[in-house]
Amino acid sequence: MTSTFQALRGTRDILPGEVERWQLVERTTREVFERYGFREIRTPVIEATRLFHRTVGEATDIVRKEMYTLQAGDESITLRPENTAPVVRAFVEHSLHRTVAAGYPERYYYLGPMFRHERPQKGRQRQFHQLGAEVLGSPDPLVDAETLEMLWTFLDALEVQDRELRINSVGDAACRPAYREALREWLAPRLPSLCADCQRRYVENPLRVLDCKVEADRALLRDAPRPLDHLCSACAEHFRAVQGALAGYEIPHTVDRGIVRGLDYYQRTVFEVVSKGLGSQDSLLGGGRYDGLVEELGGPPVPGFGFALGIERLLLVLPESKGKPARPDLAIVALGEEGFRASIALARRLRKAGVSVLAPVAERPMGAQLKRAERAAARYALFVGETELREGKLGFKDLDTGEQVRVTEQEALDRARGRHGE
Ligand code: HAM
């Protein structure tokens with residue numbers, strides 16, 4: 001049977017059976033990030049289109065080709081393609097800089113859907129989900145290293161083995177102009193061999209040429225001057241300090257001069273974590289420092305640092321054994337009409353006491369009920385029928401071991417909660 005409607009290309013339903021892996025990731029995010037002082041922030045999925053033009057950048061692929069933008073009344077609104085700009089917008093709008101104290105930046109995390117109109121493939125969707133963290137209020141290299149250390153703890157907790165941290169520095173407002181000129185000079189004679197997009201990028205923002213996806217262009221650009229070779233002394237010192245702190249945390253990393261990132265707001269540290277298990281879309285997460293962004297959105301000069309990780313991609317490298325569906329504690333097997341009638345109130349009492357109960361909503365043969373209990377992987381079966389009610393003892397079966405005993409309702413409850421013998 002084919003249904004009349006299907007989920008849109010590049011979007012997916014997350015069904016029970018798979019959703020448990022998502023819940024594990026979400027739970028682990030909250031547990032780990034909150035240990036480091038991060039608190040959750042939730043912003044709308046729609047924002048003024050201008051916000052992303054201003055921050056992500058006019059010349060980026062995201063803004064030029066990938067945004068879901070619509071006109072609603074007299075407003076142009078966009079489904080967020082990323083969440084750093086919205087978080088910074090909220091930070092400025094609510095004057096959250098007032099909570100920052102020297103040496104104590106504010107830390108936020110988020111989980112949620114993002115939207116980019118890209119060509120869907122493995123690990124790349126149009127509605128995808130990010131978990132991310134942003135630290136606002138400190139230029140200190142320790143922020144960069146400590147946040148990466150948290151990320152490492154998080155990936156350890158989920159037992160993601162195959163991962164490699166690559167870092168780079170793209171300089172700041174002081175060294176960027178000279179670098180941009182050097183790059184323009186190098187590009188000028190090669191321009192005719194580059195794609196039309198690159199020719200446009202050359203005019204609008206030559207740094208964007210470096211994230212061209214065209215294979216021939218990438219080969220030609222391999223020898224282009226890189227930001228790392230044009231850092232001013234303050235940026236070079238910052239980068240050294242970040243690496244030193246990472247070494248102190250014993251976090252293995254490589255310096256990759258080729259990382260430029262596809263968004264305009266970065267300054268100084270940028271990084272990606274890649275995983276071979278992901279194939280061509282090998283970037284599991286990315287981020288960096290964005291010290292000018294708060295000011296760009298009308299706030300005071302507050303430095304920022306953060307990252308976002310694609311949850312769909314994380315699930316591709318998460319061990320199979322992680323996030324197994326929860327088992328019902330107990331399946332009621334109701335025998336006969338009287339047993340069925342009694343099972344309704346019994347289920348209610350057990351659930352109120354905190355036990356998860358599988359119970360039929362209509363009289364069913366015993367075999368069918370047991371089959372259902374097995375399929376749901378219930379831990380115990382609780383038999384209730386005329387005899388059991390008369391004697392005040394219910395049949396209680398451990399479905400893993402097959403062991404069967406007769407117990408009172410209270411004993412059944414204790415066993416189902418794992419408090420037997422306490
Ligand atoms: P980004 O590199 O554009 O950075 O995205 C971060 C991560 O989101 C990627 O590494 C990838 O795992 C995932 N991702 C991106 N696009 C897709 C897609 N179409 N399908 C599936 N996954 C995708 C940012 O978004 C920045 N806001 C990160 C950041 C936070 N920088 C500072 N703070």
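Biologist: Which residue in β14 does Leu 330 stand opposite?

Modeller: Leu 330 stands opposite Tyr 380 in β14. This is a predicted model, in which local features need pLDDT of at least 70 and side-chain atom pairs pLDDT 80 or more, while totals for chains, interfaces and linings use all residues. Residues are numbered from 1 along each chain as its sequence is written, and side-chain values use heavy atoms, without hydrogens or water.

Biologist: Why are β12 and β14 said to pair?

Modeller: Strands (DSSP E runs of at least two residues) pair if DSSP finds at least two bridges between them; β12 (residues 330-334) and β14 have 5 bridges, in the parallel sense, so they pair. β14 is also joined to β15 (residues 394-398) by 4 bridges, running antiparallel, with Gly 395 in β15 as the bridge partner of Phe 383.

Biologist: What makes β14 mostly covered?

Modeller: In β14 (residues 380-384), 5 of its 5 residues are buried, that is, under 20% relative accessible area with a 1.4 Å probe and protein chains only. Tyr 380, Leu 382 and Val 384 point one way, Ala 381 and Phe 383 the other.

Biologist: Why does the atom pair between the ligand and Arg 261 count as a polar contact?

Modeller: A ligand oxygen is 2.9 Å from an N or O atom in the Arg 261 side chain, and a polar contact is a pair of N or O atoms within 3.5 Å, so this pair qualifies. For Ser 283 the corresponding distance is 3.0 Å, and for Gln 130 it is 3.1 Å.

Biologist: Which strand gives the largest share of the shell around the ligand?

Modeller: β10 does, with 6 residues, of the 27 that surround the ligand, each with a heavy atom within 4 Å.

Note on methods: A polar contact is a pair of N or O atoms within 3.5 Å; within protein, one must be able to donate a hydrogen and the other to accept it, and residues adjacent in sequence count only if both atoms are side-chain atoms. Buried means under 20% relative accessible area, exposed over 50%, partly exposed in between (1.4 Å probe, protein chains only).
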